[in-house]
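Student: Could you take me through one part of this model in detail? I'd like to hear about the aromatic pair and what surrounds it.

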Amino acid sequence: MLYPKRLFLLIILLSLSNQLYSASFPILPEIQVYHTVGSRGSNYSTGGLGVSIHLYDEQNEPGRYLHLLALSIPKKTFGWKSRVGDVFLGEDGYGLELGVHDQWGKPSWKGASLSIRKIKWPKVFSGNSRSGEGNSDILHLGWSWISGEPIFLVWLMGLDISSIYFSHDRIIEIEIGLGMRTLF
């Protein structure tokens with residue numbers, strides 16, 4: 001059993017090590033939600049849950065973060081069927097995103113990101129017949145901004161180049177996405 005003095009010392013040491021660790025390498029939770037439309041007919045929403053790792057600040061600006069997100073794409077959003085290219089989803093899609101995000105304090109808390117997304121489409125349908133499965137490799141270029149007080153959300157806008165593979169076809173699509181994420 002720990003005595004009060006040892007317990008107090010242990011708490012102080014843990015809090016100091018936590019402060020040193022978090023100051024130099026914090027790991028922050030991140031949640032993203034956005035909607036994407038594409039030049040070949042895509043229209044789907046995506047939710048992302050993961051972590052952002054603060055890499056460094058260059059004289060306090062910009063702050064650079066590495067983020068890793070698990071992505072989920074529902075087969076329906078607010079009653080509308082999700083669509084990828086010219087097919088509809090028969091099951092929820094899922095994937096991963098790995099990227100780098102820079103955040104500036106001035107001008108007006110603007111940010112930019114570059115990431116790669118890999119998405120799997122387990123079942124897709126064309127009309128009433130099952131077309132098989134597919135996947136997407138996406139290069140994402142994003143911009144973000146913060147507006148209003150109190151600040152708890154960051155607005156997102158993205159331009160994506162998506163290479164979509166189906167068992168029956170391969171298409172390349174330009175996509176635009178709008179959304180929001182948690183503030184870090």
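Here is a walk through the aromatic pair, the core around it and some nearby salt bridges.

Tutor: Sure, with some ground rules up front. This is a predicted model, so local features need pLDDT of at least 70 and side-chain atom pairs count only at pLDDT 80 or more, while totals for chains, interfaces and linings use all residues. Residues are numbered from 1 along each chain as its sequence is written, and side-chain values use heavy atoms, with hydrogens and water left out.

On pLDDT (the predictor's confidence in each residue, from 0 to 100), the protein chain has a mean of 82, with 78% of its residues at 70 or more.

Now the pair. Rings of Phe, Tyr and Trp (its six-membered ring) pair if their centres lie within 6.5 Å; planes under 30 degrees apart are stacked, over 60 edge-to-face, and the rest tilted. By that rule you get 1 aromatic pair. The ring centres of Tyr44 and Trp121 lie 5.4 Å apart with planes at 70°, so this one is edge-to-face. It links distant parts of the chain, with Tyr44 in strand E2 and Trp121 in strand E9, 77 residues apart. Strands here (E, at least two residues) are DSSP runs, numbered from the N terminus.

Both residues are buried, that is, under 20% relative accessible area, where exposed is over 50% and partly exposed is in between (1.4 Å probe, protein chains only). Beyond four places in sequence, Trp121 touches Tyr44, Ile73, Val84, Leu89, Gly93, Glu133, Gly134, Asn135 and Ser136; a contact means heavy atoms within 4.5 Å.

Tyr44 and Trp121 also turn up, along with Val84 and Ile119, as the residues with the most contacts inside the largest nonpolar core, which has 15 residues. Strands E3, E7, E9 and E11 each supply at least two residues of this core. Such a core is a set of buried Ala, Val, Leu, Ile, Met, Phe, Trp, Tyr and Cys residues joined through side-chain atoms within 4.5 Å.

Strand E9 has charged business too. A salt bridge needs a side-chain nitrogen of Lys or Arg within 4 Å of a carboxyl oxygen of Asp or Glu, and the structure holds 6. In one of them, Asp160 pairs with Arg117, closest N and O atoms 3.4 Å apart, joining strand E11 to strand E9 across 43 residues. Asp160 is buried at 2% relative accessible area, and Arg117 is buried at 4%. Glu97 joins Arg117 and Asp160 in a network of salt bridges.

Methods
Helix = DSSP H or I, 4+ residues; strand = E, 2+ residues; numbered from the N terminus.
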